[in-house]
Amino acid sequence: MNFLDYKNLVKQFNEWNHAYHVLDAPLIPDSQYDAAFRELQNIEEKNPEWILSESPTQRVGDIASSSFEKITHNVKMLSLSNAFSLDETVEFFIKAAKELSIPLAELPIFSEPKLDGLAITLRYEKGILRYAATRGDGQIGENVTHTVKTIQAIPLKLNTENSPETLEVRGEVFMTKAIFEQINQLAETQETKTFANPRNAAAGTIRQLNPQIAADRALQFIPYGIGEYSNEKIFLQHSGILAYLTELGFKANSNNRAFSATKPAFEQDYQRMENVRESLQMEIDGIVYKIDDLDLQKKLGFIARSPKWAVARKFPAQVVITTLFDVDFQVGRTGVLTPVARLEPVFVGGVTVSNATLHNMDEIARLNLCIGDKVEIHRAGDVIPKVANVIEQGEIRQKIVMPDKCPICHSAVKRIENQAAFRCTGGLACGAQTAEQIKYYASRHCMNIRQLGAKLIDTLCEQRILKSVVDIYRLKIEDITNLDGQGEKNATKILAAIEVSKNTTFSTFLTALGIPEIGESGAKNLAKHFKTLTALRAASVDTLRDVPDVGAVIANNLREFFDNEIQNQLINDLLSMGIHWDDGEPLKNGILMGQTWVLTGTLNTPRNEIKVKLENLGAKVASSVSAKTTYVLAGEAAGSKLTQAEKLGVQILNENQFLELLKTYHAN
């Protein structure tokens, strides 16, 4: 046999696998397949230099390391808004239709069952699967290629001779009900831990270090869209994208439907799915409704982390009854005290629940809730369980009272004017607030000090080494190495990440300050409007209200924050520690005009932030390396792009070199 014969045999295997696992239409008997597979293994054993990445023998690879490589999504993996009734669903699309200035009935709707599994993105380069990653926080996920490659419904090579340069396929990995039952029955026999539901089983399987375990559990995959895409093929409808993915070798969902946006049509479709729900091979927890027209999707855009053209109508929440035996009060980052119900443990929605949110004292009064009552608990999907109703008053009822002293620092607790919330007045003197503020400041969407984790922050706060966010920049290596379980290598990484965080953006810094009601979107609006921190700190309430989406409450919060001497001193102290960013427009806009950059590997600075910096300077940021590439910025665990750059002789920079280069551009 020559290499061409071997290549044709691999192609034949992929056709057999597609027919069996995707089309549910086997082309040959299992015995014949097994014999051919053994022959393929023998051929590859004798000719290891022939082995193709798309060969079925490559589906189960090496055991993964104990830490998963981080993957930055060039196109964010967004979440969906939820609707819990017909009226909420219709109202969502009425708003969309009004924004588009068209009648509701002219909206083309595409309906897909909401699979209860794990969202995954598959990145194909020139038709070959390069990696698979989890959603993570939408911006950064984890590399799980080693287990995802075992899923037979995922092609290792796209079924086309005209592969896109880059294609990211997004979809849901799930476990069938039948396999779930088999796994739990086996676990019971072996007296090992069982899974709560198929979704947890799928997620746990994907994160297994040993891919053979994933292979044995026969996970499934169905796509629901695409991410980054470099081809010239133009799509007009979302349904066209799904049809294209089916052509490429992915499984189609036979329960997808298209219809016009009328209230009866939504109700009919919901009833259709509710009627077949129990007979499906997989669990679903609702229906996703999308506007099918991609041009209309583009016009509507997004809000926060969800699209304005798609909504998930969830099936009714699961409901159970249990007893409320106590209420604790948790102190959050802003000092607000939140009552938390302590419950007699009860199984609901696939998990055991012993705590539930009570929101605030007004909600407790509305429910007429007392300790000792029997209560109704609602849980829908991933939504935090909540106490919905009092079913039966307890024989001995204890009134729930907001404490007048903070349970952490014992400062006075006061009700916020015109709000339902109560807040600890301890501010930065409150240990709970300090720890939570530092965690928030260091978090990924703020200053992104990844190595400074929540547990370490708690320990440093308990030891009084961290008393405010400013103390992050005063940390010494011995402050960390003196703690149990902290070595010099890890401490060095933490201090390096802290140093990197000093080079930030105005909007990121504003987000990290934790100003009440100011998140990422609000911070970007403020930074864009005022350009400098000096201008923002001096702005009046009326001037602040000129900023998009800043109303009276937010304007007053901002003015109160910047009028506070402690907060102002904290800002000044942070700036004195070396926190900096470029005010206004880049000094040399266009200095990188004509250059092409490629980013690869795990970087300490958020990838989108780097991309914006480069584009502001005139550079083009590409997804693949070619002879025309000017620079490759390579972080940790850089893969094929780094290899290609080395082959082509493209100049390669690490992150520190890149940051130094940026400084020279802004200095000249």
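Visitor: I'd like to start with one residue. Does Ala523 count as buried or exposed here?

Guide: Compare its relative accessible area with a cut-off: buried means under 20%. This is a predicted model, and in it Ala523 has 0% relative accessibility, so it counts as buried.

Visitor: Where does Ala523 sit, and which residues does Ala523 touch?

Guide: Ala523 belongs to helix α17, residues 520-530. Leaving aside residues up to four places away in sequence, Ala523 touches Ser507, Leu510, Thr511 and Ile518. You can also check a distance: Ala512 is 11 residues away along the chain, and the two C-alpha atoms are separated by 9.3 Å.

Visitor: Okay, helices. How do I read one?

Guide: An α-helix has 3.6 residues a turn, so residues three or four places apart point the same way. Now take helix α15, residues 488-501: its 14 residues should span 20 Å at 1.5 Å a residue, and the end C-alpha atoms are indeed 20 Å apart, so the two values agree.

Visitor: Which residues of α15 are buried?

Guide: Those are Ala491, Ile494, Ala497, Ile498, Val500 and Ser501. Try picking them out on the structure with the turn rule in mind.

Visitor: What about loops? Is Leu219 buried or exposed?

Guide: Check the number rather than guessing from the loop. Leu219 lies in the loop between α7 (211-216) and β8 (220-229), and with a relative accessible area of 4% it is buried. Its contacts, not counting residues up to four places away in sequence, are Ile151, Val173, Phe174, Met175, Ala202, Thr205, Ile206 and Ala214. For a long-range check, Gly551 is 332 residues from Leu219 in sequence and 49 Å from it in space, C-alpha to C-alpha.

Visitor: And how does Ser626 read, buried or partly exposed?

Guide: Ser626 sits in the loop between β24 (620-622) and β25 (631-634). Its relative accessibility is 31%, so it counts as partly exposed. Outside the residues up to four places away in sequence, Ser626 touches Leu648 and Val650. Ile579, 47 residues away along the chain, has its C-alpha 36 Å from that of Ser626.

Visitor: I've heard I should look at phi too. What's the idea?

Guide: Most residues other than glycine have a negative phi, and most peptide bonds are trans. His359 has a positive phi, near 65°, and so does Asn448, near 55°.

Visitor: Where are those two, and how covered are they?

Guide: His359 is in the loop between β16 (351-357) and α11 (361-367), and its relative accessible area of 42% makes it partly exposed. Asn448 is in the loop between α12 (431-442) and α13 (454-462), but Asn448 is buried, at 6%.

Visitor: Let's zoom out. How do I judge the overall fold?

Guide: Set the radius of gyration against the value for a compact globule. For 668 residues that would be near 26 Å, and the protein chain has 28 Å, which agrees. The C-alpha trace spans about 80 × 75 × 60 Å along its principal axes. The chain holds 24 helices and 26 strands, and 48% of its residues count as buried.

Visitor: What do the contacts and the surface tell me?

Guide: Of contacts between residues at least 6 apart in sequence, 66% join residues at least 24 apart. The chain exposes about 33,000 Å², with carbon and sulfur atoms supplying 49%. As for charge, there are 73 positive and 81 negative side chains, and the centres of the two sets lie 3 Å apart.

Note on methods:
Residues numbered from 1 in each chain as written. Predicted model: local features only at pLDDT ≥ 70, side-chain atom pairs only at ≥ 80, totals over all residues. Heavy atoms only, no water. Helix = DSSP H or I, 4+ residues; strand = E, 2+ residues; numbered from the N terminus. Rg over C-alpha atoms; globule rule 2.2 N^0.38 Å. Buried < 20%, exposed > 50% of the residue type's maximum accessible area, 1.4 Å probe, protein only. Contact = heavy atoms within 4.5 Å. Areas by Shrake-Rupley, 256 points an atom, 1.4 Å probe, with all protein chains shown as cover. Lys, Arg positive; Asp, Glu negative; His and termini not counted. Charge placed at Lys NZ, Arg CZ, Asp CG, Glu CD. Expected span 1.5 Å × (residues − 1).
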